[in-house]
Amino acid sequence: MSDTMRLQRFLAQAGVASRRKSEQLIVAGKVSVNGRVVRELGTQVDPRADRVMVEGRRVLQQDHVWLVLHKPPNTISSTHDPEGRQTVLDLVPIPNVRLYPVGRLDWATSGVLLLTNDGLLAEQLLHPRHEIPRTYHVKVKGAMSIAELEKLREGIQLDNGRRATCEASLLASTGLHTWIEMTIKQGINHQIHKMLEAIEREVLKLIRVEFAGIRADELPPGRYRALTQREINELRNTFGLEGETRRVTAEDLGGRRHPRTAGAGGAKKAAAKRRKPTSSKQVTTRKPTTRKPTTKTSVGRKPTTKKGGAEKGGAKKRGAKKRGAKKR
């Protein structure tokens, strides 16, 4: 592979912006190479030798970082919120890396959200022409019928004239509400809400359980993990992207040692959890080399027998001394 690449591609790989937005920065004259402002989109740069600046700030080549976050509800899927509300980046305290969410989840929606600094791959994942599957579990008010599910599968004509389609199946129903699974690929804003509103059904809860084959089944809300190398390679192979991407963990970046834990002290808790015995049979006292422990010295109980025995023995000795003194 050549050491040079197009300037907009370098900016996207460095996490400055998507390739399209990087092109806009170049055309606007906000990018310079070796001290000279560059406006030509086909400009070739060597990331190791050339000095690239965007709005006066140096851009350095970075290893790609890919994380999956279990986004909790009432969180903004953005890098910054002018109203001061919690954003998804507040949950991922990794220094010196410019991460941004791949797509968005609504304020009240929870579930799988990818975070990365790989602008090229993120752009491919979000482009509607690739029809990347997104799977949701949806809690709907009332009991849904098979006929209603079939309407969703056949497609719903939206107000803008576009036909929204999905895969839909029943998960559970209590009569008061119904859980269904919906997989969409079109990338229509608020597609699930619009489709269910069209058949007069109210969405009570929305959880994204899978995006582009990536899941977060074991992650509690607000926690994250690094994608495995296999997961990253499968994503890249989907779009025929060349080049090997080394998986960077949170520990590599000076973040949390355990990539799933975003809270303070998470590394210590994760390490303690790994050291903790997995069954109650393992939680026993260590056997001494000379004698077996008695049942009264088992874990969680104080060894009171020796102290009590010593007190009784001392009382007997004092009583014997008194009787001896009386005889004399």
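This is a short talk on the charged contacts and one sheet in the structure above.

Okay, hi everyone. One thing up front: what you're looking at is a predicted model. I'll start with the charged side chains, then move to the strands.

So, how many salt bridges does the structure hold? The count comes to 11. As a reminder, side chains of opposite charge can pair when their charged atoms come close. I'll walk you through three of these pairs.

Take Glu 123 and Arg 19, whose side chains meet in a salt bridge at 3.8 Å, N to O. This pair ties together distant parts of the chain, with the two positions 104 residues apart. Glu 123 sits in helix H3, residues 119–126, while Arg 19 belongs to helix H2, residues 19–27. Is Glu 123 buried or exposed? Glu 123 counts as buried, because its relative accessibility is 18% and the cut-off for buried is under 20%. Its partner Arg 19, at 32%, counts as partly exposed.

Now compare that with a pair inside one helix. Glu 150 and Arg 153 form a salt bridge at 2.9 Å, N to O. Both lie in helix H4, residues 146–154, and they're three residues apart, about one turn of the helix. Glu 150 comes out partly exposed at 35% relative accessibility, and Arg 153 is also partly exposed, at 35%.

Next up is Arg 85, which has a few things going on. Its side chain meets that of Asp 81 in a salt bridge, 3.0 Å from N to O. Asp 81 is buried, with a relative accessible area of just 8%, whereas Arg 85 is partly exposed at 33%. Which residues are linked in a network of salt bridges here? They're Asp 81, Glu 83 and Arg 85. And Arg 85 has a ring to talk about too: it lies over the face of Trp 107, 5.2 Å from the ring centre. As for aromatic pairs, the structure holds zero.

Right, on to the strands. There's an open sheet of four strands, and if you trace across it the order is E3-E2-E5-E6, with antiparallel pairing. Why is one side of E3 and of E6 left without a neighbour in the sheet? Strand E3 (36–37) and strand E6 (57–59) stand at the edges, so each has a single partner strand. For E3, we can look at its pairing with E2, residues 31–33: the two run antiparallel and share two bridges. If you want a spot to click on, find Val 33, whose bridge partner in E3 is Arg 36.

That's my tour, thanks for listening.

Note on methods
Residues numbered from 1 in each chain as written. Predicted model: local features only at pLDDT ≥ 70, side-chain atom pairs only at ≥ 80, totals over all residues. Heavy atoms only, no water. Salt bridge = Lys/Arg side-chain N within 4 Å of Asp/Glu carboxyl O. Buried < 20%, exposed > 50% of the residue type's maximum accessible area, 1.4 Å probe, protein only. Phe/Tyr/Trp six-rings, centres within 6.5 Å; stacked < 30°, edge-to-face > 60°. Lys NZ or Arg CZ within 6 Å of the ring centre and 35° of its normal. Pairing = 2+ DSSP bridges.
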